[in-house]
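Please take a moment to look over the sequence and the fold shown here before reading on. The paragraphs below go through aromatic rings, cysteines and the sheet in turn.

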Amino acid sequence: MGMSVTISVATEQDAEQIFRLQYLCFQSEAALYGNYRIDPLVQSLDSVRAEVASDCVFVARLGDEVVGSVRGALDEDGAAAIGKLCVHPRLQGHGIGARLLRAAESALVEERGATKFRLSAGHRSEGNLRLYRRVGYEAVGTSQGRDGVPMVILEKPAQAYVATA
């Protein structure tokens, strides 16, 4: 019988696995845009460590292996910025991304007082956009990432996380 994927708060010891997983997972996004300088691919390990220490970071584990990750931090306006959601390519399509998202939303409301959630996805990233819409996010605008990729900005009220949990 196979092992179950568990969701838990990331620890300092997870930073290197998150860093490697992020690099693997965002290769397909980079290829989609023909841009291998997207933020998740150029982020340093030290920066990932700093986020694990200060932000709301969750991982999905299969045994001892980190197979998914998501990060969230509270903005000055009370909105929780959620980002760098990734799931190992061999495990995508099994609901792990949605589980990670729910865990982050729950903690951001209960522990940090988030009033709404905000995230962004590349305008060509249909799979990601489909997931976000399915769990209650709505497009509220567009922007251009620091890496030049056109992004869709999506939000949902914090109370909505209960409905999608």
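**Rings, cysteines and sheet**

The count comes to 1 aromatic pair, where rings of Phe, Tyr and Trp (its six-membered ring) pair if their centres lie within 6.5 Å, and planes under 30 degrees apart count as stacked, over 60 as edge-to-face and the rest as tilted. The pair is formed by Y132 and Y137, is edge-to-face, and has 6.1 Å centre to centre and 65° between the planes. Y132 is buried at 7% relative accessibility (buried means under 20% relative accessible area, exposed over 50%, partly exposed in between, with a 1.4 Å probe and protein chains only), and Y137 is buried too, at 2%.

This is a predicted model, in which local features need pLDDT of at least 70 and side-chain atom pairs count only at pLDDT 80 or more, while totals for chains, interfaces and linings use all residues. Residues are numbered from 1 along each chain as its sequence is written, and side-chain values use heavy atoms, leaving out hydrogens and water.

A search of the whole structure finds 0 disulfides, a disulfide being a pair of cysteine sulfur atoms within 2.5 Å. The sulfur of C25 has its closest cysteine sulfur in C86, at 4.3 Å, which is too far for a bond; C25 is buried at 7% relative accessibility, and C86 is buried at 3%.

An open sheet of 7 strands follows the order β1-β2-β3-β4-β5-β7-β6, with mixed pairing, where strands (E, at least two residues) are DSSP runs numbered from the N terminus and two strands pair if DSSP finds at least two bridges between them. The edge strands, β1 (5-9) and β6 (138-144), each pair on one side only.

Definitions and conventions:
Helix = DSSP H or I, 4+ residues; strand = E, 2+ residues; numbered from the N terminus.
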